[in-house]
Amino acid sequence: MEPQNKQIKVSSQQKAEEPISSACERCPLAVQRFGIDLEKWDYIVALAGNPNTGKSTLFNALTGLRQHTGNWPGKTVARAEGGFGYQDKKYKIVDLPGTYSLLSASVDEEIARDFILFGKPDCTLVVVDSTCLERNLNLVLQVMEITDKVVVVANLMDEARRRGIEVNYRRLGENLGVPVIPAAAAKGEGISEILKAIHDMVMGTTHTTPHRIASEGPLKEAVDELTDMIEKTYPGIPNARWIAMRLLDGDQKVRETLANGDLAQLTQGQVKTRESVDLDV
Amino acid sequence: MMLFRSRKETRRIQVEDALKHIYNHQYANECTRQDCLAQALGLNSREIGRLLKELQEKELLEIQGENFKLTPAGEEWALQVIRAHRLWERFLADETDIPLHKVHGHAEKREHKMTREEVDLLDAQLGYPQHDPHGDPIPSARHEMEPPATTPLLQWKEGTTALISHVEDEPAEKFSRIIALGLLPGTPLNVIDSGPEGLLIQSAGRKFRLPTELVGNISVKPAPETLQEIPAEPLSILNTGEKGKILYLKSQGLTRRRFMDLGMVPGTLIEVLMPSLFGEPKAYRIRGTTIALRKEQANQIFIQKIKESNGTPK
Amino acid sequence: MDQKQPPKSKYTPQDILNRADALQRQMEFSFRDSIIQSTYAEAEKLSKDAVRQKGDALQTWGDRFDRIITNPFTGLPLMGLGLATVIWITIAGANYPSQWIFNFLFWLGDLAKNLFVMMGAPWWLTGFIWDGVYRGLAWVVAVMLPPMAIFFPMFTILEDLGFLPRISFNMDWLFKIAGAHGKQALTMTMGFGCNAAGVTACRIIDSPRERLIAILTNNFVPCNGRFPTLIMLATLFVAAGFQGLASSLIAAGAVVLVVMIGVMFTLLVSALLSRTVLKGEPSSFSLELPPYRKPDIIRIFYTSTVERTLFVLWRAITMAAPCGGIIWLFSNLHISGKSLSLWASQALQPLGHAIGLDGVILLAYIIAIPANEIVVPTILMVYSNADKMVDLATMDQLKALLIDQQGWTLLTAINLMLFSLLHNPCSTAIWTIYSETKSLKWTVVGTLMPLSIAFLVTFIVAQSLRVLGWF
Ligand SMILES: Nc1nc2c(ncn2[C@@H]2O[C@H](COP(=O)(O)OP(=O)(O)OP(=O)(O)O)[C@@H](O)[C@H]2O)c(=O)[nH]1
Ligand SMILES: [Mg+2]
C-alpha cells in the first residue's frame, strides 16, 4: 500500500514566527468526536467540492503533504487530514472525497456530508472548477444550506483564462453571499488569499449571508413549518432548514439522528461519522 | 438460503398470503367462497378449513353467507403485507441490479419478514414512492391506498399521448415480452392504428406492433401536457453532433438521483460528443462537462430533439 | 396525524418525524426532484450572471485528440502503442542504472562483510547480516528502483493528462460484456502501481456487486512488485540472443503480451463471477471525462520519483530485509545434513515440476507472500545457497546460474511469468481486500481464486508443452 502521509507539517509559506499559543477551549471535546488527535489544533477546515476540482492539490499546497492527485474524478476516496499554521493559529484541514451533490447519500457523499454537518468545521472551503461553474454551484448551494461558514475557492482559473472564460469573481461572491477567492492551486496562485479568507472566517470577521435556494408554494410551506418545529425543539441549532429538507426527502441518516437523540447533541457534538465503506452483497 | 423455517414463521406466511389473496379477490369482486380461496392458495379442503377458522378466531375474517370478508383488522394487515411487498419491489427495481421480472419473486419472500418500522423506514428512504415498479399503488403507512386512475390500453384513443401507468406482472412470460419492448411504467406512447393483430404503437422513437395478447396487460393514463405536443424520444436516438433538450427521466431511485446530480434535470441541453472506440458507450456534453453513458442509461433519458436549422438556443 | 400539530414550544422527535411524513404524503410532486431542479435553476442563474465566454470555449487540441483516441482505426493501435512505449522506455531506461546500483551496493556489502570478518565477528552474524538481510535489501533496491523511478513519472503524466478515464471509456464495452463496470478499467490501471491502491480505488464503483468483481480481479494486472520480475525474465529468456535495441524491444513485447494476458484474465474472471456467484444486472454507468490538462512535468518527475524511491526503499527495509534474513537462515540451518531450504524445496519439487517450475521457485513464492518483489532474489539466494554466492552482477552470470546450473528452460520462464501474473496478491493487498470488503469469505476468495488459477494455467501449459515434446 502507498505510504500514508499522516504526519503534519507547517506550511512553508506560513511558518508561524512565534510559538503557537495553546489556548484552545473547544478542543478536548472534539477529540472524542473523531478519534483524531486534535489537541494541538485551534480550528478545523473542511475541503469539499465536485470531484476533480483540485481539492487535494489545494490540500497539498496548504499542508505541504503529498496527498495523491490525478486528473480523473474519484481519485480521493477516503478523507485525509493534515495541518497548517497561519498567524499564530494552527489549523487542521480535512480533504474530503469529491461529490456532485450531498443529497444522494451514496457512501462518498455520506463521508463528505457527515463531516460538514457533524464535524462542524470552523470553515468549509468549497473548491469549484471555474471552467464549469454551473454544475459546481449546485454543490455550493447545497453546502451553504448546511453551514454558513463557507469560502468558495474558484480553482483552475488558469484553465478558465486559457479557454477564454471570464469570471466576475467579485460579483459571484456578492450574489452567493460568501467570499469567493480565485485560485490556481497547482500553480500556487491565490493561496495566501485563501489563507486570509480562512483566517477571517474563523475569527468571525467575515459576515456571510448565504444565498438560499428560492422555493415557493407548498414546498416552501412544508419546509418552513418543519423548520419552525425543529428550531423550537432544538434552540440554537445551526441548520434547521436543511434538516427539515432532509426529513422531507426521507434521508435515513438524518431521521435516525433525530430519532436517537444525536441531533440534540449536534449543538454540542458527539456523533459517529463514517470513514470507510462497508460492502455487503 | 434458509433451509429451516420455524413453525411460527411458516404460519405467518400462510396467514399473510391468505389475507392478501382474500383482499385482492374482494376488491376485484371475485369469488371469496371457501373453494375459490382454496384454489387460489393451493390448499386442500382440510387445510383451507383450518386456516379460515383460525383467521376467524383471530377476528381477521368474517363470513357473510357463502363469502368470506376481511374485518377492518384483517384488511389493515393485508394492506401492510401489500405495502411491504410493493415497497420492496420498488427498492429492488430502483436501487439494485435485479432485473424487473425477478423483483416480484424476491418481494414475495421478503414481505413476510419485515417489521412495520422497517417498512416505514424503507418508505421514507425511497422518498415515499406512490407506485411500485409495475405501476400499482403503494398503500400508505396508515393503510390508505388510492385506486389507480388508469385506462386499459385497448380503450385509449388514437392521437393523444399516453403514459404507461401499469403493466401486469403475471404471467411472467408476457411481462418479460412487454419489458423487452421497452414498455415500462412511465414510458410515453401513441397509438397510431389498431387492427386484428394488435395495436400499432409509437414509443421512444420507434414504431412497432403490439400483439393483441399483450395489449390487455397494459394500462395507461394521459401524459402530462408537456409531452402532448412534443414527441419525447430517448437520448440514444441522437447521432454524434446532435442536440436535445431533456424532457424527463424515466429511471427512478439511485440512477435518477445520479443523473440529476450531474445536472440532467428537465430543460437541460444535451449534445452527443462522440462514441467510444467500440461505438458504446457515448460521451455527452452536459452543462459544460463531458459525461459518458451506456445505451441503457441513454434510453432512460427522454429528450426533445433540437433541429439544427431552428438555430440552437444560445 | 395528518392535522397540523397545534403550535407548541417543544416537540418530541417523533412528532417531527410524523409531521414530516404527513407533509411528504400530501405533496403531489417529488420533493427531491423539485429541490434539485430549483438548485440547478439557481446555479444556472448565478453562473450566467458571473461568467462571460470570450471566443470559442472548446478545447481544440483535447477534442481533436479525443476524436483520434476513440476512433476504431486509430484508437486501438494508439492505446496499444502507448502501453508498449511506456514499458519499453522502462525496460531500456532501467537496464544500466540497475546494474550500477547493483554493482555499487554489492561492492559496499562485500566491503562491510570483510570488515566484519577482519574484526572477528562470528560467521553466523556476518552471514545473517551481510549475506541475508543486506543482500535481500540490495537486490530489491537494485532491481526495483530504476524501473519504478522511470515507470511512475510516465504513468503520472498520463494520469494528470486525463488519459485514464479515456481508457475506461474505450474499454467499457468489453467490461459490459463481462457484466462488470466500465470504471473497472480505471481501477485496473491503478493496479499497475500497486494492487492495494487499485483495490482501494474500486470505491469509485457504486454498485457493490460490480465493485466486488473489480476488487477480486485487480490482482490480474501486474503491480510494481511484479513488473521488474517480468522484465528480468523477458530480458533473460525471451530476448536472449538479441543485443541492444532489439533486445529491449523484444522484452517489451513480451511484457506487453503478459499484460494483455492479465487484462484477458481480468475480463474472463469478471465474466465468470458475474455469471455465477455474483450474478446480477449491470448497474447504471456514468463516467465523467475531464478535460485534458497540461501535466506539470517537472513537478511530476520530482515528486513521483522521490515518492517512488522512498516507497521502494521503505518496502525494501520493512519487507525485503527481513525476508533476506529468513532465507539466509533457511539456507544455513541444517537438519540431518541438509539445509532447511533444501528440505523445503525438495518437498515442493514434485508440485513445482508439475507446473513447469521447481521446488525452489515455489518456496520463494511462499517466503515472498509479504512482498512480491523479493521472489527473484529469493530464488537466486537459494540456488546459490548463500555461502557460495556467485556474483550475479551481469546478465551473463545470471544466465549461467539459471540455465546452466539449474536447468531453466523457456518453459520455466514462461510459466514463471504466468505464475507471477496470476498468483495470489501480496499480504498488503490481501489486507486491503479485507478492509474494503469487511468479509473474510471474499478475502479468502480474492486470495485463493487467483492462486488456483495460477496453478491451473501453469499446469496446463507445462503438461501440454511436454506432451508436445517441446520440453
Ligand atoms: N491547470 C491547473 N490544474 C490543476 C489546478 N488544480 C488542480 N489541478 C489539476 O487537476 C487535477 C485534479 O486535482 P485533484 O487535486 O486530484 O482534484 P480533487 O478535487 O482532489 O479530485 P477528487 O479527489 O477526485 O475529488 C490534477 O491533475 C491537478 O494537477 C489548477 O489550479 N490549475
Ligand atoms: Mg482529491
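Helices (H or I, at least four residues) and strands (E, at least two) are DSSP runs, numbered from the N terminus. The model is predicted: local features need pLDDT of at least 70, side-chain atom pairs count only at pLDDT 80 or more, and totals for chains, interfaces and linings use all residues. Residues are numbered from 1 along each chain as its sequence is written, chains are lettered from A and ligands numbered from 1 in the order in which they are written, and side-chain values use heavy atoms, with hydrogens and water left out.

**Exercise 1. Describe the overall make-up of chain C.**

Step 1. Start with secondary structure: chain C has 19 helices and 4 strands.

Step 2. Take the extent of the chain. The C-alpha trace of chain C spans about 90 × 55 × 55 Å along its principal axes.

Step 3. Turn to burial, where buried means under 20% relative accessible area, exposed over 50%, and partly exposed in between (1.4 Å probe, protein chains only). Chain C has 471 residues, and 56% of them count as buried.

Step 4. Consider contacts (heavy atoms within 4.5 Å). In chain C, 74% of the contacts between residues at least 6 apart in sequence join residues at least 24 apart.

Step 5. Accessible areas come from the Shrake-Rupley method with a 1.4 Å probe; for residues, only the protein chains shown count as cover. The accessible surface of chain C is about 19700 Å², and carbon and sulfur atoms hold 70% of that.

Step 6. Count charges, with Lys and Arg as positive and Asp and Glu as negative; His and the chain ends are not counted. Each charge is placed at NZ of Lys, CZ of Arg, CG of Asp or CD of Glu. Chain C carries 34 positive and 29 negative side chains, and the centres of the two sets are 3 Å apart.

**Exercise 2. Give the corresponding values for chain A.**

Step 1. The secondary structure of chain A consists of 11 helices and 7 strands.

Step 2. Of the 281 residues in chain A, 64% are buried.

Step 3. For contacts in chain A with a separation of 6 or more, 68% are between residues 24 or more positions apart.

Step 4. Chain A has an accessible surface of about 10500 Å², with 48% belonging to carbon and sulfur atoms.

**Exercise 3. Determine which chains surround ligand 1, and list its polar contacts with chain A.**

Step 1. A residue is near a molecule or strand if one of its heavy atoms lies within 4 Å of it. There are 25 residues around ligand 1, and those that come nearest are Lys55(A), Ser56(A), Thr57(A), Thr76(A) and Arg293(C).

Step 2. The surrounding residues come from chains A and C, so the site is shared between chains.

Step 3. A polar contact is a pair of N or O atoms within 3.5 Å; within protein, one must be able to donate a hydrogen and the other to accept it, and residues adjacent in sequence count only if both atoms are side-chain atoms. An oxygen atom of ligand 1 lies 2.9 Å from a polar backbone atom of Gly54(A). Two side chains also take part: an oxygen atom of ligand 1 is 2.8 Å from an N or O atom of the Ser56(A) side chain, and an oxygen atom of ligand 1 is 2.6 Å from an N or O atom of the Thr57(A) side chain.

Step 4. On its own, ligand 1 has 650 Å² of accessible area, and the protein covers 96% of this.

Step 5. Two or more residues of the shell come from each of α2 (55-63) and α5 (157-162) of chain A. The most is given by α2(A), with 3 residues.

**Exercise 4. Is helix α9 of chain C enclosed or open?**

Step 1. Helix α9 of chain C covers residues 208-217, and 9 of its 10 residues are buried, so the helix is largely enclosed by the rest of the structure.

Step 2. Among the buried residues of α9(C) are Arg209(C), Glu210(C) and Arg211(C).

Step 3. The cover over the buried residues of α9(C) includes α7 (184-193), α8 (195-201), α11 (244-275), α18 (427-437) and α19 (440-467) of chain C.

**Exercise 5. Locate Asn224(C) and list its contacts.**

Step 1. Asn224(C) sits in the loop between α9 and α10 (227-238) of chain C.

Step 2. The relative accessibility of Asn224(C) is 5%, so this residue counts as buried.

Step 3. Neighbours within four places in sequence aside, the contacts of Asn224(C) include Met144(C), Phe192(C) and Arg308(C).

**Exercise 6. Examine the backbone at Leu156(A) and at Pro281(B).**

Step 1. Most residues other than glycine have a negative phi, and most peptide bonds are trans.

Step 2. Leu156(A) has a positive phi, near 60°. Leu156(A) is in the loop between β5 (150-155) and α5 of chain A.

Step 3. The peptide bond between Glu280(B) and Pro281(B) is cis, with omega about -10°. Pro281(B) lies in the loop between β11 (269-275) and β12 (282-286) of chain B.
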